[in-house]
Amino acid sequence: SISPSTTVKKVMKKIIKEFNIQESDAGDYLLKLVNGTILEPNDHIGSFASHNDCQVKLFLTPTRPVQG
């Protein structure tokens, strides 16, 4: 649970810590909404919340497609 005024940058820091992502690899990821909108670091999470249930579904996505 986070405050609606929390920026995407702060959410990413929390995600990096929670998922044990190395700081050196953190720049290889971004956050997207269900509709594919890429979130910018200074965006406030609350601006993307649905009004009915006050939550946002986020996808942690690599900036480069995985090849292999």
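Contact means heavy atoms within 4.5 Å. Keep that cut-off in hand for the exercises below.

This is a predicted model, where local features need pLDDT of at least 70, side-chain atom pairs count only at pLDDT 80 or more, and totals for chains, interfaces and linings use all residues. Residues are numbered from 1 along each chain as its sequence is written, and side-chain values use heavy atoms, with hydrogens and water left out.

**Exercise 1. The outline**

Task: State how many helices and strands the protein has, and in which pattern they follow along the sequence.

Solution.
Step 1. Helices (H or I, at least four residues) and strands (E, at least two) are DSSP runs, numbered from the N terminus.
Step 2. Count them: the protein has 1 helix and 2 strands.
Step 3. Read along the sequence: the pattern is α-β-β.
Step 4. Add the extent. The C-alpha trace spans about 40 × 25 × 20 Å along its principal axes.
Step 5. Look at the contacts between residues at least 6 apart in sequence. Of these, 61% join residues at least 24 apart.

**Exercise 2. The core**

Task: List the residues of the largest nonpolar core, and find which element gives the most to this core.

Solution.
Step 1. Fix the terms. Buried means under 20% relative accessible area, exposed over 50%, and partly exposed in between (1.4 Å probe, protein chains only). A nonpolar core is a set of buried Ala, Val, Leu, Ile, Met, Phe, Trp, Tyr and Cys residues joined through side-chain atoms within 4.5 Å.
Step 2. Of the protein's 68 residues, 22% count as buried.
Step 3. The largest nonpolar core has 8 residues: Val8, Val11, Met12, Ile15, Leu31, Leu33, Leu39 and Ile45.
Step 4. At least two core residues come from each of α1 (8-18) and β1 (29-33). The most come from α1, with 4 residues.
Step 5. Take Val11 from this core. Not counting residues up to four places away in sequence, Val11 touches Ile2, Thr6, Leu31, Ile45 and Leu58.
Step 6. Recall the general rule: in soluble globular proteins, nonpolar side chains tend to be buried together.

**Exercise 3. Two residues of β2**

Task: Decide whether Thr61 is buried or exposed, and find which residues Phe59 touches.

Solution.
Step 1. Place them. Thr61 lies in strand β2 (residues 58-62). Phe59 lies in β2 as well.
Step 2. Thr61 counts as buried because its relative accessibility is 18%. Phe59 counts as partly exposed because its value is 38%.
Step 3. Leave aside neighbours within four places in sequence. Thr61 is then in contact with Asp28, Tyr29, Leu30 and Lys32. With residues up to four places away not counted, Phe59 touches Leu30, Leu31, Lys32, Leu33 and Val34.
Step 4. Look for a link between the two. A polar atom of the Thr61 side chain lies 3.4 Å from the backbone oxygen of Phe59.
Step 5. Compare sequence and space. Phe59 and Ile38 are 21 residues apart in sequence and 9.5 Å apart in space, C-alpha to C-alpha.

**Exercise 4. Two pockets**

Task: For the largest pocket and the second largest pocket, give the space and the lining by class.

Solution.
Step 1. Define a pocket. On a 1 Å grid over the protein atoms alone, a pocket is an open set of points where a 1.4 Å probe fits, with protein on both sides within 12 Å along at least five of seven lines; lining residues have an atom within 4 Å of a point.
Step 2. The largest pocket holds about 220 Å³ of space. Its lining has 7 nonpolar, 1 polar and 2 charged residues. Among the lining residues are Val11, Ile15 and Ile45. The most lining residues come from α1, with 4.
Step 3. The second largest pocket holds about 180 Å³. Its lining has 6 nonpolar, 5 polar and no charged residues. The lining includes Ile2, Ile45 and His51.

**Exercise 5. Two loop residues**

Task: Find where Asn20 and His51 lie, and decide whether each is buried or exposed.

Solution.
Step 1. Asn20 lies in the loop between α1 and β1. Asn20 is exposed because its relative accessible area is 65%.
Step 2. Check its backbone. Phi of Asn20 is near 55 degrees, a positive value in a residue other than glycine. Most residues other than glycine have a negative phi.
Step 3. His51 lies in the loop between β1 and β2. His51 is exposed because its relative accessible area is 77%.
Step 4. His51 and Gln22 are 29 residues apart in sequence and 34 Å apart in space, C-alpha to C-alpha.

Note on methods:
Polar contact = N/O pair within 3.5 Å; in protein donor to acceptor, adjacent residues only side chain to side chain. Points joined across faces, edges and corners; volume = space filled by probe spheres on them. Nonpolar A, V, L, I, M, F, W, Y, C, P; charged D, E, K, R; others polar.
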